[in-house]
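Please open the structure in your viewer and keep the selection panel at hand. The stops below are best followed in order.

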Amino acid sequence: MRFTSEQHLDDGILERAFTLGGIPGILWTPVPASSSPAPLILLGHPPLGLGRMYPRLAARARHSAAQGFATATIELPGSGDRPRLPVVDRARADLRRALEAGEPVSDEIIDALVLPLVDQAVPEWQSALDTLLSLPGIGGPVGYSGGVISIGIRLAVVEPRIAAAGLFAGSFVPRSMFEEARRVTVPLHVLLQWDDEGNDRQAALDLFDAFGSKEKTLHANTGGHTGVPQFAGDDAARFFTRHLKK
């Protein structure tokens with residue numbers, strides 16, 4: 001890991017940009033550091049690029065730092081300045097055409113849109129986790145929060161260091177991910193915007209039912225995709241505090 005910039009935010013948070021194996025990322029840590037290592041939350045995000053997502057990610061990092069958590073994120077494959085994923089770009093174009101024509105989105109489109117991203121992103125998140133947990137002042141347990149729900153599902157299945165996950169319900173989920181969801185056992189906090197214009201509510205509910213976790217909570221709120229209420233973030237913070245600060 002090579003740190004490329006460092007700044008102290010006005011609310012007592014150290015923000016450091018880094019690259020790891022050519023992949024950009026950002027690490028936020030509370031200042032002053034606690035006498036014990038800070039639990040880590042990995043901040044997922046949609047594949048829109050860290051530059052575009054930075055304001056929302058930094059706000060989430062500030063909220064988490066106030067609870068004593070370190071947070072980190074990395075650029076997803078095919079986003080920002082990273083090389084494009086042609087199969088995903090083609091699937092995104094096919095998705096756009098289907099939605100504009102009012103046609104159903106086929107399983108083939110969803111698979112091509114999501115699975116290549118999951119297959120590449122999850123090992124990258126694991127590699128980042130290896131390095132982040134070796135830094136002074138950062139320790140487990142680890143949580144995963146938000147982003148592409150299929151990435152969160154796969155991470156929760158294959159990465160034993162993930163102790164809890166907060167997921168944002170989405171409907172473009174490959175059928176194979178429902179089988180993986182049945183293998184998820186960590187505590188889950190799932191947020192669903194009931195009137196999300198880009199989300200098939202029933203598909204999101206079916207996915208929630210598929211999760212194998214004994215502890216799983218669905219928080220449904222009225223409003224569209226960008227209308228998540230402030231108290232939903234507070235609920236998520238309490239969830240991670242309960243499961244990562246034992």
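Begin by selecting helix α2 and helix α3 together in this predicted model. From α2, the residues Val 87, Val 88, Ala 91, Arg 92, Asp 94 and Leu 95 meet Ile 109, Ala 112, Leu 113, Pro 116 and Leu 117 of α3. Sorted by class, this contact holds 9 nonpolar residues, no polar ones and 2 charged ones.

Next, display the axes of the pair. Helix α2 covers residues 86–100, and its axis comes within 8 Å of that of α3, crossing at roughly 145 degrees. The crossing in which α2 passes α3 is left-handed.

Now select α3 alone, residues 107–132. How many residues does α3 have, and how far does it reach from its first C-alpha to its last? Helix α3 has 26 residues and reaches 36 Å, which is close to the 38 Å expected at 1.5 Å a residue. Centre the view on Val 118, where α3 has a kink of about 25 degrees.

Keep α3 selected and add helix α4, residues 149–158. Which residues of α3 meet α4? They are Val 114, Leu 117, Val 118, Asp 119, Ala 121, Val 122, Trp 125 and Gln 126. On the side of α4, the residues to highlight are Ser 150, Ile 151, Arg 154, Leu 155 and Val 158. The contact of α3 with α4 has 9 nonpolar, 2 polar and 2 charged residues. Val 118, the centre of the kink in α3, is one of the residues in this contact. Leu 117 of α3 meets α4 here, and Leu 117 also appears in the contact with α2.

Turn the view to compare directions. The axes of α3 and α4 come within 9 Å and cross at roughly 50 degrees; the two helices are therefore oblique to each other. Helix α3 passes α4 in a right-handed crossing, whereas α2 passes α3 in a left-handed one.

For the final stop, select strand β6, residues 138–146, and find Pro 141 within this strand. Is the peptide bond from Gly 140 to Pro 141 cis or trans? The bond is cis, with omega near 0 degrees.

Key: Residues numbered from 1 in each chain as written. Predicted model: local features only at pLDDT ≥ 70, side-chain atom pairs only at ≥ 80, totals over all residues. Heavy atoms only, no water. Axes fitted to C-alpha atoms, helices over the stretch in contact; angles between N-to-C directions. Helix = DSSP H or I, 4+ residues; strand = E, 2+ residues; numbered from the N terminus. Parallel < 35°, antiparallel > 145°, perpendicular 65-115°, else oblique. Left-handed = near helix turned anticlockwise from the far one by under 90°. Contact = heavy atoms within 4.5 Å. Nonpolar A, V, L, I, M, F, W, Y, C, P; charged D, E, K, R; others polar. Expected span 1.5 Å × (residues − 1). Bend = angle between axes of the 7 residues up to and from the residue.
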